[in-house]
Amino acid sequence: MTVPNWRMVVMPLLAVAFGLIVGAVLIVVSGDNPLVAYRAMLEGSLGGSDAIGRTLEKATPLVLGGLAVAFAFKAGLFNIGGQGQLLLGAAFSAWVGFNFDLPAVIHIPAALIVGGLAAAILGGLAGLLKATRGVHEVISTIMLNFVAANFTEWMVSRDGPWKDPEGGAIARTPLVQDSADLPRIAGLPTGFLVAVLAAVSIWWLVNRSTLGFEVKTVGSNPKAAAYAGISVTRIIVITMGISAFLAGLGGAIQTLGVNGRFEPGFQTGLGFDGITIALLARTNALAVIPAALLIGAMDAGSTLMQARTNVEPEVINVIQAMILFFVAAPSVVRWILQLSEAEDVDTGVDLATGWGTT
Amino acid sequence: MTASAPPLTRSASNLNSYVARNAKALAGLGVVVVALIVAYRWDGTQTTAVMARTVREAAPLILAALCGLVGERSGIINIGIEGQLLLSAFCGFMVGSYSGSIILAVVAALAVAGLAGTFLAWTSIRLRMDQIIAGTVINIFAIGATSFFYVPNRTMATIPTVSLGFLSDVPLVGPMLFDHGPLTYAALVAVAVVHVALFETRWGLRTRAVGEHPSAADTVGVDIFRLRYLNLTLAGMLAGLGGMALIQSAGVFNRGMSNGKGFIALAVMLIGRYRPTGVLAAALLFGFFNALQAQLQFKQVFDIPPQFFGMIPFVLTIAVLAIAGISVRPPAAVGKHYEKE
């Protein structure tokens, strides 16, 4: 390809700029000054170490949720069960966190891994249903979202086994022990470092390992993969398990690092956000990090923006939708800026054809 | 069949072949009818309540799933149904609330969801955008826009139920089929309309050809792109009716009130194997599970936490699929961009 490198970088930045312009129009329509609003958003997300810490905290589950969707896409699977998997991961890590008394070096990894594994079982189940019974993963992961939401809600409800005895009528678990509290390393939230590590691991897995090769082969042509001696069933189950593990890890980190306990129904948008971020990153595991940071920064900054200007924080969803649109439609950006037609950037994404392969 | 065959035998043989082709479906229908009669004899009030609710709960799912079905039959995946439901419920509600006119509310809902469909076709045809991305754009935009412009504490007039005369007085069947809000009827009518249109008309033949084998359709002179624009817009309007169905009885709009129904509709479409009658059956099944859990919970028949009742529809749907082992074959050209020669 003769795509100049600068365009690979500049086009996404232009997409962000255009997204912000559309958002500005909305802000003007609702009677506020977009410059003041965006300044507040910038300050709330990047102005000082507190703000940056908040951005990293917000970005952490987004990195993992994005990785979950992106990794499943590699095998041609569409995991839209991120929300349910996150809830299971969060609830089970909280349980390990409050129920056991362990030294921190064991407690923290144990809580994270148990949370991830609980989610992985849910995801693996969807994979198993797909591989052995032909149940479409889109159906099963949607359905399991609702199952997981109900299940975790019950676990901490009035009669549930994990109910906080001091919570009164509030459905929640007790606070996790101090030894399960995710600390900050050099001012950075540990959770974010874990998320970055996960992204690098997934990148390595996809591009450098045998398993990754098998996953991609199943994704591009399951019949050829089976002919080449790859167990498609095994790959589908493992892929869904790993994908769900990532989403569950996101929930676990949110619980141990930010919330300190599990409360039902938090982070309700994560399923969507994971899809957005995976698509923004064009399913590249490393590109998931900047994509998640961008969305996380907007999330973190929207609170201060609302405080200063009365702009509803949901405007960032509209901006995100527009960014995704412009990233996926470089021809529109070129048309607006009257750039030359010849050097088109291939989006490199072909997700829609992965739909419905059984 | 010879041309000299008398009309009577002919129709009888048509009927025979119809029965043969739909043996499983008819057997299933028979089982359902028998089960309904038995249940009604056992507890008439409860059965009637559950079944009326089944149809009511199924209505938005039917409309949303038909939206997805028409899109995919034309070769375009629509995962933005969730967004279309939300946008149309919101716009319908706002217009209905400020104008006081239900007709205007429906028009607004149809317009916005139809426009979202046109957008999906445009991104696919003109921009060659990945269809999954385009649908996601609609979903996120819908969440953002409907929350951004949300005005708290507004209400609109509820849309009254329409009882169809003496038909609504027939035991069980009356409350089940003939005593609903207009949008519930619209859902049932839409199944028949889409079915006939898809399988009995020139439009339907062309649509299916475009979804299965666009280059063949192109060769015989079908304007593929025009048909896709048209179909995605019409399909969007079906989702628009679905959005109105969400608000028809309560008369309020809540943030994020589509609550995954657009995605459940995708499941309904897949379970229904891309056929309108299949969609009807799948949506009714899902509606039934939902109605059953609501009724059991309401009547406190068993001492089980409400969350477990809440899981029933979803667990049962998965179980049904796993046991039946239904595999689905989507239209062949779905998701692919068409390159004109």
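Where in chain B is the place of B:Ala157? In this predicted model, B:Ala157 lies in the loop that runs between α6 and β1 (162-163) of chain B. The residue counts as exposed because 12 C-beta neighbours are found inside 10 Å, and 12 or fewer is the criterion for that class. When residues up to four places away in sequence are left aside, B:Ala157 touches B:Gly100, B:Ile102 and B:Gly251. A further relation links B:Ala157 with B:Phe93: the two are 64 residues apart along the chain, and their C-alpha atoms are separated by 9.4 Å.

The fold of chain B comprises 14 helices and two strands. Its radius of gyration is 21 Å, which agrees with the value near 20 Å for a compact globule of 341 residues. Along the principal axes, the C-alpha atoms fill a box of roughly 65 × 65 × 40 Å. Of the 341 residues in chain B, 48% are buried. Among the contacts that chain B forms between residues at least 6 apart in sequence, 76% join residues at least 24 apart.

Chain B also meets chain A, with 43 residues of chain B in contact with 46 residues of chain A. On the side of chain B that touches chain A, α6 (131-148), α12 (261-271) and α14 (306-324) of chain B each supply at least two residues. The largest share of this side, 13 residues, comes from α6(B). By residue class, the side of chain B that touches chain A divides into 28 nonpolar, 13 polar and two charged residues. Helix α6 of chain B thus appears in both settings: it bounds the loop that holds B:Ala157, and it provides the largest share of the side that touches chain A.

Terms used:
Residues numbered from 1 in each chain as written. Chains lettered and ligands numbered in written order. Predicted model: local features only at pLDDT ≥ 70, side-chain atom pairs only at ≥ 80, totals over all residues. Contact = placed C-beta atoms within 7 Å. Helix = DSSP H or I, 4+ residues; strand = E, 2+ residues; numbered from the N terminus. Nonpolar A, V, L, I, M, F, W, Y, C, P; charged D, E, K, R; others polar. Buried ≥ 20, exposed ≤ 12 C-beta atoms within 10 Å, placed from the backbone. Rg over C-alpha atoms; globule rule 2.2 N^0.38 Å.
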